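Work through the exercises below with the sequence and coordinates open. Each task is followed by a stepwise solution.

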Amino acid sequence: MSVGALLLAAGGLTACSSSSDGQASASTLQEGDCVLFTSGDDGDTAAETVACQDPHFGEVVLSSDAFFDGDDSLPDDARMTALADTACADALLSYSGLAPVGDGVRMSYFYPTEETWAEGDRGLTCLAVSVDEETTELRETSESIAAS
């Protein structure tokens with residue numbers, strides 16, 4: 001899957017770019033990957049996978065490269081968001097036992113854009129991101145949220 005939009009209910013991150021220099025794209029992220037976000041000089045946000053015991057901002061709870069295969073055309077933003085919200089909330093609960101809001105966690109996701117849809121992107125990648133409960137800003141953590 002090509003990188004689509006990364007949405008964060010708590011605000012802050014709005015996009016993520018792929019890279020050929022070892023950084024992760026949505027298509028390479030797998031369930032259980034922990035992700036550190038960095039900003040480039042061009043203002044784009046890149047994702048790098050790291051060990052979950054190392055500082056990171058999010059953890060992949062769902063990775064599907066065929067999530068939107070049943071759609072003949074790119075769903076509008078409302079449908080895309082509704083489908084992603086439901087799938088990601090279910091995946092978070094299944095993966096960690098946590099609700100999608102609370103416990104210092106919010107859901108973010110990558111999904112196709114018009115450009116990536118035209119290239120065949122039908123994927124959805126859900127990330128549980130760590131946030132400060134008071135400010136809702138991203139915060140680093142060094143723990144996995146996977147259910148033990």
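**Exercise 1. Classify Cys126 and find its partner.**

Solution. The model is a predicted one.
Step 1. Cys126 has a relative accessible area of 0% and is therefore buried, the cut-off being under 20%.
Step 2. Its sulfur atom lies 2.0 Å from that of Cys88, and the two form a disulfide.
Step 3. The torsion about this S-S bond is about -70°, so the link is left-handed.
Step 4. Cys88 belongs to helix H1 and Cys126 to strand S6, so the disulfide ties together parts 38 residues apart in sequence.
Step 5. Cys88 is likewise assigned as buried, because its relative accessibility is 0%.

**Exercise 2. Describe the disulfide of Cys34 and give the pairing pattern.**

Solution.
Step 1. The structure holds two disulfides; one of them joins Cys34 and Cys52, with sulfur atoms 1.9 Å apart.
Step 2. The value about the S-S bond is 95°, and this link is right-handed.
Step 3. Cys34 sits in strand S2 (residues 34-39) and Cys52 in the loop between strand S3 (45-50) and S4, so the bond connects parts 18 residues apart in sequence.
Step 4. Cys34 counts as buried at 1% relative accessibility, and Cys52 as buried at 17%.
Step 5. With the bonded cysteines numbered in sequence order, the pairing reads 1-2, 3-4.

**Exercise 3. Check the length of H1 and locate what its buried residues pack against.**

Solution.
Step 1. H1 covers residues 77-96, which is 20 residues; at 1.5 Å a residue the expected span is 28 Å.
Step 2. The end C-alpha atoms are 27 Å apart, in agreement with that expectation.
Step 3. The buried residues of H1 include Met80, Ala84, Cys88, Leu92 and Tyr95.
Step 4. These buried residues pack against strand S4 (58-64), strand S5 (105-111) and S6.
Step 5. Just after the helix, Gly97 has a positive phi of about 85°.

**Exercise 4. Which element supplies the largest share of the largest nonpolar core?**

Solution.
Step 1. The core has 19 residues, and Val61, Leu92, Met107 and Ile145 are among those with the most contacts inside it.
Step 2. H1, S5 and S6 each supply at least two of its residues.
Step 3. H1 gives the largest share, seven residues.
Step 4. Leu92 touches residues including Val61, Met107, Ala128 and Ile145.
Step 5. Another core, of 14 residues, lies apart from this one; Val50, Cys52, Phe57 and Val131 are among its members.

**Exercise 5. Where is confidence lowest and highest among the elements?**

Solution.
Step 1. The protein has a mean pLDDT of 79, with 80% of residues at 70 or more.
Step 2. Strand S1 (residues 5-8) has the lowest mean, 43, and S4 the highest, 94.
Step 3. Over residues 1-23 pLDDT stays under 50.

Technical notes. Residues are numbered from 1 along each chain as its sequence is written. This is a predicted model: local features need pLDDT of at least 70, side-chain atom pairs count only at pLDDT 80 or more; totals for chains, interfaces and linings use all residues. Side-chain values use heavy atoms; hydrogens and water are left out. Helices (H or I, at least four residues) and strands (E, at least two) are DSSP runs, numbered from the N terminus. The expected span of a helix is 1.5 Å times one less than its number of residues. Buried means under 20% relative accessible area, exposed over 50%, partly exposed in between (1.4 Å probe, protein chains only). Contact means heavy atoms within 4.5 Å. pLDDT is the predictor's confidence in each residue, from 0 to 100. A nonpolar core is a set of buried Ala, Val, Leu, Ile, Met, Phe, Trp, Tyr and Cys residues joined through side-chain atoms within 4.5 Å. A disulfide is a pair of cysteine sulfur atoms within 2.5 Å. Lists of a residue's contacts leave out its neighbours within four places in sequence.
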